[in-house]
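Grab a pencil and work through these exercises with the model open beside you. Try each task before reading its solution.

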Amino acid sequence: MFDVAVIGAGVAGLTVAQQLQQCGYAVVVVDKSRGVGGRAATRRLHGTRADHGLRYLEPIGEMSQQLVKVLCDRNILQLWTDTVYSCESKMPRYVASDGMSAIAKFLATGLEIKLNQRVQAITTTDDKIWHLGFEAAENITAKAVVVAIPAPQALMLLEPLTESILPAGFVDKLRSVQFDPCLSVIAGYPSQQQPNLEWKAVVFPDNSDLAWIGLDSSKRPDAQMPVFVIQSSAAFANLYLDAQDLNPAAQQLLGCAAAELMIPWLDTPDWFQVHRWRYAFPSHPLVRSYLNAETPLPLICCGDWCGENLLESALNSGLAAAMEIDRHLNNLPLPGINFLDNL
Ligand SMILES: Cc1cc2nc3c(=O)[nH]c(=O)nc-3n(C[C@H](O)[C@H](O)[C@H](O)COP(=O)(O)OP(=O)(O)OC[C@H]3O[C@@H](n4cnc5c(N)ncnc54)[C@H](O)[C@@H]3O)c2cc1C
């Protein structure tokens, strides 16, 4: 049995787990995916890699500033650009040449993480212990559970407990959180097609289909070919949310980008892949740093939807959720923001 089971190996879940493990709790993290990071995602393809989720790290708050500092000291992050075309504010943006999932790999150091394990049910026996149930693995038991996944997915997992264990108010708050989707297209071009661009990234605040484009290969010192990542608007992604074949949507986005940027060859990549993020960005987040079920056995939800600052919120939410769990268990001295220096 573990002291704490954390569902979700994204930035929020890994932050909770580090906080609690570093002060002596027995912690396990479970994730349905093949790797850690959640939306801090990097895909290996065509002999290179590309960030189809988290684009870059901006030091907008205390937590992300500290993370940038520690990761730059370890040569995991490098400054990418301070200018995103058509964004008025200049702000340094940091990237990892190995891909943004390197941030999660760093946060995962020394943790016990079970991958490829989707939690299908959470139950409790006599209010004494939590059980996490999986399709094809043994149950995990723990004294406390942290649900560090997007609120709509947490709702699906927790709704069955509404009558028996969870207060209706808690479930209503979870239900009030909404997310926007996003389609990400990764497109690679012939190596002789060297783009001579004045920008590394562009936002499209007024385009109905496009949201953002970045020259992803400019993050990689050893890039052999130009690779772009194009992110759709939420409205565009909503049109294709349940489509079986996303290739026509990807081609439409490539065409849009070519027209908007007046780069005709963007329309005809050598190859492309597309990824559907059903829960990309919280559109209606909570204004609190975690959501406590207030059950006799601790159960806390956290993630970037607890706050309005995406990755910075995920970090802060993870920190706050760990403090709340600790308060319910042994009241041990947590490392706080210094946990990054201990990795
Ligand atoms: C396309 C895109 C671009 C972005 N760009 C930026 C940016 O430039 N700057 C910025 O600050 N933020 C950006 N973000 C947002 C940022 O990536 C998120 O805010 C942050 O990564 C959220 O972390 P999290 O831990 O809260 O959730 P997640 O990363 O979503 O982690 C949740 C984890 O839970 C797992 N999970 C879900 N259900 C289960 C289950 N039942 N059982 C087991 N595991 C489960 C998932 O596999 C996932 O690994 C971007 C996001 C996207 C999608």
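**Exercise 1.** Work out how strands S13 and S14 pair, and over how many bridges.

*Solution.* Step one: find strand S13 at residues 210–215 and strand S14 at residues 227–232. Both names come from DSSP runs numbered from the N terminus (helices are H or I with at least four residues, strands E with at least two). Step two: the two run antiparallel, joined over five bridges; for a pair to count, DSSP must find at least two bridges. Step three: for a landmark, look across from Leu-210, and you'll hit Ser-232 in S14.

Before you go on, two ground rules. This is a predicted model, where local features need pLDDT of at least 70 and side-chain atom pairs count only at pLDDT 80 or more, while totals for chains, interfaces and linings use all residues. Numbering starts from 1 along each chain as its sequence is written.

**Exercise 2.** Put the five strands of the open sheet in order, then explain why one side of S12 and of S15 lacks a neighbour.

*Solution.* Step one: the order reads S12-S13-S14-S11-S15, with antiparallel pairing. Step two: S12 (201–203) and S15 (271–284) sit at the edges with a single partner strand each, so one side of each has no neighbour in the sheet. Step three: on average, neighbouring strands here are turned by 15° against each other, direction ignored. Step four: add helix H7 (residues 247–261), which lies across S11 (178–188), S12, S13, S14 and S15 and runs at about 75° to S11. That angle is between N-to-C directions, on a scale from 0 to 180 degrees, with axes fitted to C-alpha atoms (for helices, over the stretch in contact). Contact means C-beta atoms, placed from the backbone, within 7 Å.

**Exercise 3.** Which domains does the chain have, and how far apart are their C-alpha centres?

*Solution.* Step one: the assignment, automatic or from a database, gives domain 1 (2–42 + 100–177 + 285–340) and domain 2 (179–283). Step two: their C-alpha centres are 32 Å apart. Step three: at the junction, eight residues of domain 1 are in contact with four of domain 2.

**Exercise 4.** Describe what surrounds the ligand.

*Solution.* Step one: there are 35 residues around the ligand, and Gly-8, Gly-10, Gly-38, Gly-303 and Leu-310 come nearest (near means a C-beta atom, placed from the backbone, within 6 Å). Step two: helix H1 (11–22) gives the most to this shell, three residues. Step three: both domain 1 and domain 2 provide at least three residues each.

Technical notes: Two residues are in contact if their C-beta atoms, placed from the backbone, lie within 7 Å.
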